[in-house]
Each structure stands twice: as C-alpha cells, then as structure tokens.
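Let's take a walk through this structure together, one stop at a time. Have the sequence and the 3D view open as you read.

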Amino acid sequence: MYTPVAADVAKLRNTTGAGMMDCKKALVEAEGDFEKAIEILRKKGQKVAANRADRESTEGAVIAKVNDDKTRGVIIALNCETDFVAKNEEFVKLAHDLAEMALGKTKEELLAADYKGITVAEKLIEQTGVIGEKIEIGSFETIEGPFLGAYIHAGNKIAAITSLSGDVNGSEEAAKAVSMQVAAMNPIALDETKVSQDTIDKELEIERDLLIKEGKPENIIDNILKGKMQKFYKDNTLVHQAFIKDGNMSVSDYVKSLDDSLKVVGFVRVSLT
C-alpha cells in the first residue's frame, strides 16, 4: 500500500484546503497520484454538497465591487450555513475574489469562469467538502452608471452600490455616503416614479380603510390620501429620504449641494437579514 510522505500531504492540503487526514486518505486511495487525489477530494465535496442540498445557507458574506472607472458594479452574496464560517478569513477572501471576478459577468458566466485551474462552480463544491457546509452564491446584483460608489456594512451582511449622474468634485465620497444610506434605510425605489403600481394601490387601500374607520368624510379622503402618499414617498424612496448624515436635507438635496446638476440615478442593495 502506498504511504504518502508528509510533504505531499501538506502540499495537497495547501492546494485544496482540505484537512490533513482527508488529504492523506485521498493520496492513499490515489496511490500517490496528486491530480487524482484532488479529484477524489472534489468527489467528496460533491457528495457532501448533495447531502446538504436541502440545507439553508442563510449566513455568509455580502461583497460589493466597482470597476476602476466607476461605471460598472456588482454585489454577490457567498452563502454558508453558520456565522462561524461566514467570519472565517479565508471564506471572506474567497467572497472578495469571486466578487472581483463577477464584474462584467452574469451569475452563470461567473460559475463557469476559471478559478485557479477549476471553475468557480467546482470551487464551491470543493469548499462544501472542505468546510462541511453548503456553500453557494446566492444574491447576484449588477449595476451600470455614469459614476458608481459602494459601501459594505461592518460584518459583511449588507452591501449597496449607488449610481450618480456624473463625476464631479466630491462624487466618490457622495456615492459612498448615499450607498450607506441605501444599506441603512433600505428604500423601496429610487423615487415615486419607480414605485410599483401594486405597492401604491396597496398603500392607498390601507390608508383609505384607516381614514374611513376614523370617520373622515368621503369628500376629503382623496385630498388626505395625497398627503399620506407624499409622506410614504418621503420615507421610502431614496432621493426623498432624509439624509442620514444630516436630517435637515434630503438625499437629493445632499448630492445637489456638490453640484446643482448632480442626481442619484440608481442603486442596488443586498442583505442577508
């Protein structure tokens, strides 16, 4: 029977991240063939992944990346099962690596892309075997715009990217600040024109029922509803929300304070909570 030397076991462990005993057993089974041993470990990962297919991977790391010219961004969530794994330094590094690779790609293109000699999909299966938890890419959001800025909340549970209408003095700081607003306040839309009709109809129905129960005369309810909806948009749409760093101005007013023509034109947000 083949007996692996310590150096080969260590090399396989460094290459795959698998445990020492798993590496030793794989080398024995592969009779010293390094590539075959890697394949054996991957197959183990596939088996673990299959066994855990019904498990929820609701923990993880949410990472936002923007390209060098600030025109394209992506947010991915690399999901796992426990907070312990989500905080692991190597897991977070992998999430950052994959987010960087994801720029300019679809989710399917990312999974098929090469990651150190194997596809990203194979890497996730491999890590499922190594870690013993279901590992997968969950949320995947992309955005393009004239000038983008990103924010990742401490702990990697929430990330956001905001698009501004142009690059002016202070745009980088502003895009990050508005992304922080998006992360913290979770607006439902950019402005009132982007709110779905279903959401508007539901809100009007709720407020109308409340006004009727309060005994408000039918002839003034429509005017009251207009005011109610204005408050709804102020609370729930990004450009009308009070700016978290200065409640005396809206988000729209804040970006205009840098340049009168500057506007917020888009955002994406991903959260694990």
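Which residues line the second largest pocket? Before we get to the list, keep in mind that what you're looking at is a predicted model. The lining is made up of Ala49, Arg52, Ala53, Leu111, Ala121, Leu124, Ile125, Thr128, Lys134, Ile135, Glu136 and Ile137. Sort those residues by class and you get 8 nonpolar, 1 polar and 3 charged. As for where they come from, helix 7 and strand 5 (136-144) each put in at least two residues, and helix 7 is the top contributor here, with 4. The space inside this second largest pocket comes to about 150 Å³.

Now move over to the largest pocket, which has a volume of about 380 Å³. Its lining takes 19 residues, and if you want to find its centre, look for Gly17, Glu90, Phe91, Lys123 and Gln127, which lie nearest to that point. Several helices share the work: helix 1 (6-16), helix 4 (83-86), helix 5 (89-102) and helix 7 (120-131) each supply at least two of the lining residues. Helix 5 gives the most, with 5 residues. The mix of classes in this lining is 7 nonpolar, 6 polar and 6 charged.

Why does the largest pocket lie between domain 1 and domain 2? Domain 1 (6-51) and domain 2 (59-189 + 266-271) both give residues to its lining, so the pocket sits between the two.

Next, let's zoom in on a couple of single residues. Methionine 21 is part of helix 2, which covers residues 20-29. Is methionine 21 buried or exposed? Its relative accessible area is 53%, and exposed means over 50%, so methionine 21 counts as exposed. You can also pair methionine 21 with valine 9: the two are 12 residues apart in sequence, and their C-alpha atoms are 8.5 Å apart in space.

For the other residue, head further along the chain to threonine 237, in the loop between helix 10 (218-236) and strand 8 (242-243). The cut-off for buried is under 20% relative accessible area, and threonine 237 has 0%, so it counts as buried. What is threonine 237 in contact with, once its neighbours within four places in sequence are left aside? Its contacts are Pro187, Ala189, Leu190, Asp191, Glu192 and Val195.

How values were computed. Residues numbered from 1 in each chain as written. Predicted model: local features only at pLDDT ≥ 70, side-chain atom pairs only at ≥ 80, totals over all residues. Heavy atoms only, no water. 1 Å grid on protein atoms, 1.4 Å probe; cavity = no way out; pocket = protein on both sides within 12 Å on 5 of 7 lines; lining within 4 Å. Points joined across faces, edges and corners; volume = space filled by probe spheres on them. Nonpolar A, V, L, I, M, F, W, Y, C, P; charged D, E, K, R; others polar. Domains from an automatic or database assignment. Buried < 20%, exposed > 50% of the residue type's maximum accessible area, 1.4 Å probe, protein only. Contact = heavy atoms within 4.5 Å.
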